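Thank you all for coming. I would like to spend a few minutes on the aromatic side chains in this model, and then say a word about charges over rings and about one loop residue.

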Amino acid sequence: MNDAQEKKKAIVAAYFGQVAPEYDRVGPQFFATMGQRLASLARLRPGETVLDVATGRGAALFPAAERVGPEGKVIGIDLAPAMIQETSKAVEERKLTQVQLLTMDAERLAFPDASFDAVLCGFALFFFPQLQRALAEFKRVLKRADRRAHQAGGRVVVSTWGPPDPGWEWYDDLLKIYGIKPIPLVTDPLEQPSALKNALRQAGFSELEVRPEVVDVVYADEEEWWARQLAQGTRLMLAGMAPETLERFKADVFKHLQTHKRRDGIHRQTRVNFGMGVRPAG
């Protein structure tokens, strides 16, 4: 691990730490919906032990806990202590005794080999400076397949963003016009299904499958769309703008949003890749 990689991790942790209190709490609950999908694809069963990597505000953690039940166990880890702190409050409120939360680096999992029936990771692979190291850790902590005992290998289920919607290129163009630079967090976007599948194959997973899906995300109106941006990472990109400049930017954004507006709100087609694999024997 070199200094640049460690610095990248520190930036990611700080970035998500700042948005933790409002993260996915405004507008359409996109990540919560995708977390339900992740848990469903993992085919979790009562009594199983699950690791949720980059758990955030628990989008996949809570549906996983529901599926494994009180006799199972779900451990959620995140690099940002603030995310763990916020999600811990929700765990306590729901009295989920089968859930444990830990601040931990996905590239250095502090668990014994073959500890989990499933590893989940929603929208985080592209942040890891050493993706193959993280995937190797996922594989290491999953249970091995045992043909003699008729035991299947542990499952990994992940999600990444698919290719961006070309109908929203105007937003990136507008950011450039206003001199707003994206925070350099992404190591490898893994937007193409083939790229995600290759990454899982290189890590040694078998029975690979990648399912590209399109999700229609609907915002009630322009103000809800804007509030959503301020409740996630986009807020940090806009933080350095002077108030009057920010208002002009907002006005320009609202003009463009009209092209996506229908009777029930503003629609954005969001492409998502779900990747699945199994730890083989050996």
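Let me begin with the rule for pairing: two rings of Phe, Tyr or Trp, taking the six-membered ring for Trp, are a pair if their centres lie within 6.5 Å. Please keep in mind that this is a predicted model.

By that rule the count comes to 20 aromatic pairs. In one of them, the centres of the tyrosine 15 and phenylalanine 16 rings are 4.9 Å apart with their planes at 80 degrees, and because planes over 60 degrees apart count as edge-to-face, that is what we call this pair. Another edge-to-face pair is made by tryptophan 170 and tyrosine 171, with 5.7 Å from centre to centre and 85 degrees between the planes. As for burial, tyrosine 15 and phenylalanine 16 are both buried, and tryptophan 170 and tyrosine 171 are buried as well.

Tyr15 and Phe16 also belong to one aromatic cluster, which they form together with Tyr23, Phe30, Phe31, Phe123, Phe126, Phe127 and Trp161.

Turning to the charges, arginine 94 lies over the face of phenylalanine 62, at 3.9 Å from the ring centre, while arginine 37 lies over the face of phenylalanine 274, at 5.9 Å from the ring centre.

Finally, which residues does glutamine 232 contact, once its neighbours within four places in sequence are left aside? They are Val19 and Tyr23, and Tyr23 is a member of the aromatic cluster I listed a moment ago. Glutamine 232 itself sits in the loop between helix H8 (222-230) and helix H9 (234-238), and with a relative accessible area of 18% it counts as buried, because the cut-off is under 20%.

Note on methods: Residues are numbered from 1 along each chain as its sequence is written. This is a predicted model: local features need pLDDT of at least 70, side-chain atom pairs count only at pLDDT 80 or more; totals for chains, interfaces and linings use all residues. Side-chain values use heavy atoms; hydrogens and water are left out. Rings of Phe, Tyr and Trp (its six-membered ring) pair if their centres lie within 6.5 Å; planes under 30 degrees apart count as stacked, over 60 as edge-to-face and the rest as tilted. Buried means under 20% relative accessible area, exposed over 50%, partly exposed in between (1.4 Å probe, protein chains only). A charge sits over a ring if NZ of Lys or CZ of Arg is within 6 Å of the ring centre and within 35 degrees of the ring normal. Helices (H or I, at least four residues) and strands (E, at least two) are DSSP runs, numbered from the N terminus. Contact means heavy atoms within 4.5 Å.
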